[in-house]
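Here is a short tour of a protein model, written to be read with the structure open beside you. Please keep the viewer at hand as you go.

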Amino acid sequence: MDAAAKVRDLNFKYLAEGKGATVTVRFGPDGITICDPNRAGEGKDKVFQKIYDRAI
């Protein structure tokens with residue numbers, strides 16, 4: 001699944017739950033990271049999910 005689709009799906013889910021669309025994606029030299037602050041209670045690895053480990 002690509003980053004845009006994952007962000008879209010998570011934001012749709014959170015909007016339906018009344019939480020707001022807070023999920024974003026970061027593209028950097030270390031790859032692609034999904035940033036999901038709604039999972040803050042689950043730890044750093046859940047908030048910042050690497051989906052690709054190198055720059056594209």
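## Salt bridges

A salt bridge here is a side-chain nitrogen of Lys or Arg within 4 Å of a carboxyl oxygen of Asp or Glu. The structure you are looking at is a predicted model, and a search through the whole of it finds 5 salt bridges. One of the pairs to look up is Arg26 with Asp30, whose side chains meet at 2.9 Å, N to O. Asp30 also forms a salt bridge with Lys50, where the closest N and O atoms are 3.3 Å apart. That second pair links distant parts of the chain: Asp30 belongs to the loop between strand 1 and strand 2, while Lys50 sits in strand 3, 20 residues apart. Taken together, Arg26, Asp30 and Lys50 are linked in a network of salt bridges.

How exposed are the members of this network? Arg26 counts as partly exposed at 37% relative accessibility, Asp30 counts as partly exposed at 32%, and Lys50 is partly exposed with a relative accessible area of 39%. Helix 1 offers another pair to visit, in the stretch covering residues 3-16: the side chains of Arg8 and Asp9 meet in a salt bridge of 2.9 Å, N to O. Arg8 is exposed, with a relative accessible area of 53%, whereas Asp9 counts as partly exposed at 33%.

## The sheet

Now turn to the strands. There are 3 of them in an open sheet, arranged in the order 1-2-3 with antiparallel pairing. Strand 1 (24-28) and strand 3 (48-52) are the edge strands, and each pairs on one side only. On average, neighbouring strands of this sheet are turned by 25° against each other, direction ignored.

Strand 1 and strand 2 run antiparallel and are joined by 5 bridges, and a hairpin connects the two through 2 residues. On the other side, strand 2 (residues 31-35) is joined to strand 3 by 4 bridges, again antiparallel. Cys35 is a handy landmark for following the pairing: Thr24 stands opposite Cys35 in strand 2, and the bridge partner of Cys35 in strand 3 is Phe48. Ile34, in turn, stands opposite Gln49 in strand 3.

## The helix and the core

What does helix 1 pack on? Helix 1 packs on the sheet and touches strand 1, strand 2 and strand 3, with a direction that makes about 5° with that of strand 2. The largest nonpolar core has 7 residues in all, namely Ala3, Val7, Leu10, Tyr14, Val23, Ile32 and Ile34. Helix 1 and strand 2 each supply at least two residues of this core, and the largest share, 4 residues, comes from helix 1.

Ile34 is a good place to see how these parts come together. Setting aside residues up to four places away in sequence, Ile34 touches Ala3, Lys6, Val7, Leu10, Val23, Thr24, Val25, Val47, Phe48, Gln49 and Ile51. Strand 2 is largely enclosed by the rest of the structure, because 5 of its 5 residues are buried.

## Two buried residues in the strands

Gly31 is found in strand 2 and is buried, with a relative accessible area of 2%. Leaving out neighbours within four places in sequence, Gly31 is in contact with Arg26, Lys50, Tyr52, Asp53, Arg54 and Ala55. Two of these contacts, Arg26 and Lys50, bring us back to the salt-bridge network. Gly31 and Lys50 are 19 residues apart in sequence and 7.4 Å apart in space, C-alpha to C-alpha.

Gln49 lies in strand 3. Is Gln49 buried or exposed? With a relative accessible area of 16%, Gln49 is buried, because the cut-off for that class is under 20%. The side chain of Gln49 reaches the backbone oxygen of Lys46 at 3.0 Å. Beyond its neighbours within four places in sequence, Gln49 is in contact with Lys6, Ile32, Thr33, Ile34, Asp36 and Arg39.

Technical notes
Residues numbered from 1 in each chain as written. Predicted model: local features only at pLDDT ≥ 70, side-chain atom pairs only at ≥ 80, totals over all residues. Heavy atoms only, no water. Pairing = 2+ DSSP bridges. Axes fitted to C-alpha atoms, helices over the stretch in contact; angles between N-to-C directions. Contact = heavy atoms within 4.5 Å. Buried < 20%, exposed > 50% of the residue type's maximum accessible area, 1.4 Å probe, protein only. Polar contact = N/O pair within 3.5 Å; in protein donor to acceptor, adjacent residues only side chain to side chain. Core = buried A, V, L, I, M, F, W, Y, C linked by side-chain atoms within 4.5 Å.
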